[in-house]
Amino acid sequence: MRASARRSAIASFRDVSCWTGPAIDGNPIESRLRSRYAADNLTIAMQIDGASALVAGGASGLGAATVRRLHDGGASVVIADLDPDKGEALASELGDRARFVQADVTDEDGVRAAVDAASEAGGGVRISVCCAGIGWAQRVSGRQGAHDLTVFENVIRINLVGTFN
């Protein structure tokens, strides 16, 4: 690879949003870049200090861990979730720069309100993470017949369509 092309590739990958620290070792893009451009001592990191972030499904599980990590990194975080008890508790725990907005990822108006809340922190929303999701385990067909399509449709609406809302 020519030096100018390599510099261009490195410059384009510097904008990739990745965590710093131990979690980066599991990032396949980071692994490939480090092996390919090891001589350049490439580091991919997102500057989150002072950024405004929105985390859908941020009141529990992976979403809550993401909220904590962004907040610890200096971001102002809006926690968008259906559960007001967990969302308010997390926002209270984190204090300054954390806010809860009740939102359903399948409702465009609710998501818009959460985005507007995150935009109020200044500079617009720079970080958006969707951790909202549900699971359902059931056989497609069993002794009682086929499984209810509405359950499957709800999973798809939340896990797929909600990500694009």
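**Helices, sheet and cores of the predicted chain**

Helix H5, formed by residues 108–119, lies across strands S1, S2, S3 and S4, and runs at about 155° to S1. The model described here is a predicted one, and its chain of 165 residues, of which 33% count as buried, contains six helices and six strands. Read along the sequence, these elements follow the pattern α-α-β-α-β-α-β-α-β-β-β-α. Among the contacts between residues at least 6 apart in sequence, 56% join residues that are at least 24 apart.

The four strands crossed by H5 form an open sheet with the order S3-S2-S1-S4 and parallel pairing. Its edge strands are S3 and S4 (125–130), each of which pairs on one side only, and the twist from one strand to the next averages 20°. Strand S1 is joined to S4 by five bridges, the two strands running parallel, and leucine 54 has serine 128 in S4 as its bridge partner. Five bridges likewise join S1 to S2, again in parallel, and here the partner of alanine 56 is alanine 80 in S2.

Strand S1 is largely enclosed by the rest of the structure, because five of its five residues are buried. Both faces of this strand are covered, with Ser52, Leu54 and Ala56 buried on one side and Ala53 and Val55 buried on the other.

Alanine 80, which has its place in strand S2, counts as buried because its relative accessibility is 7%, below the limit of 20% that is applied to buried residues. Apart from residues up to four places away in sequence, alanine 80 touches Leu54, Val55, Ala56, Gly57, Gly58, Val101, Ala103 and Ala114. The C-alpha atom of alanine 80 is separated by 9.1 Å from that of valine 115, a residue 35 places away along the chain.

A second helix that lies across part of the sheet is H4, which crosses S2 and S3 and runs at about 170° to S3. The buried residues of H4 (residues 84–94) are Gly87, Leu90, Ala91 and Leu94. These residues cover an arc of only 100° around the axis, which puts them on the same side of the helix. An α-helix has 3.6 residues a turn, so residues three or four places apart point the same way. On the other side of H4, Asp85, Ser92 and Glu93 are exposed, whereas the buried residues pack against helix H3 (61–72), strand S2 (76–81) and strand S3 (98–102).

The two ends of H4 can also be described in terms of individual residues. At the start of the helix, a side-chain oxygen of aspartate 83 reaches to within 3.1 Å of the backbone nitrogen of aspartate 85. Just after the helix, glycine 95 takes a positive phi of about 75°. Arginine 97, in the loop between H4 and S3, has a phi near 70°, which is a positive value in a residue other than glycine. Most residues other than glycine have a negative phi. The relative accessible area of arginine 97 is 32%, so the residue is classed as partly exposed.

In soluble globular proteins, nonpolar side chains tend to be buried together. In this model, the largest nonpolar core has 17 residues, and those with the most contacts inside it are Ala53, Val67, Leu70, Val77, Ile79, Leu90 and Ile127. The elements that give two or more residues to this core are strand S1 (52–56), H3, S2, H4 and S3. A second, separate core consists of eight residues, among them Val78, Ala103, Ala114 and Ala117.

Leu90 thus appears both among the buried residues of H4 and among the residues with the most contacts inside the largest core. Isoleucine 127, another residue of that group, is in contact with Met46, Ile48, Ala51, Ser52, Ala53, Leu54 and Leu70, when its neighbours within four places in sequence are left aside. Of these contacts, Ser52, Ala53 and Leu54 are included among the buried residues of S1.

Note on methods
Residues are numbered from 1 along each chain as its sequence is written. This is a predicted model: local features need pLDDT of at least 70, side-chain atom pairs count only at pLDDT 80 or more; totals for chains, interfaces and linings use all residues. Side-chain values use heavy atoms; hydrogens and water are left out. Buried means under 20% relative accessible area, exposed over 50%, partly exposed in between (1.4 Å probe, protein chains only). The arc is that of the directions from the helix axis to the C-beta atoms. Contact means heavy atoms within 4.5 Å. A polar contact is a pair of N or O atoms within 3.5 Å; within protein, one must be able to donate a hydrogen and the other to accept it, and residues adjacent in sequence count only if both atoms are side-chain atoms. A nonpolar core is a set of buried Ala, Val, Leu, Ile, Met, Phe, Trp, Tyr and Cys residues joined through side-chain atoms within 4.5 Å. Two strands pair if DSSP finds at least two bridges between them. Axes are lines fitted to C-alpha atoms, for helices over the stretch in contact, and angles run from 0 to 180 degrees between N-to-C directions.
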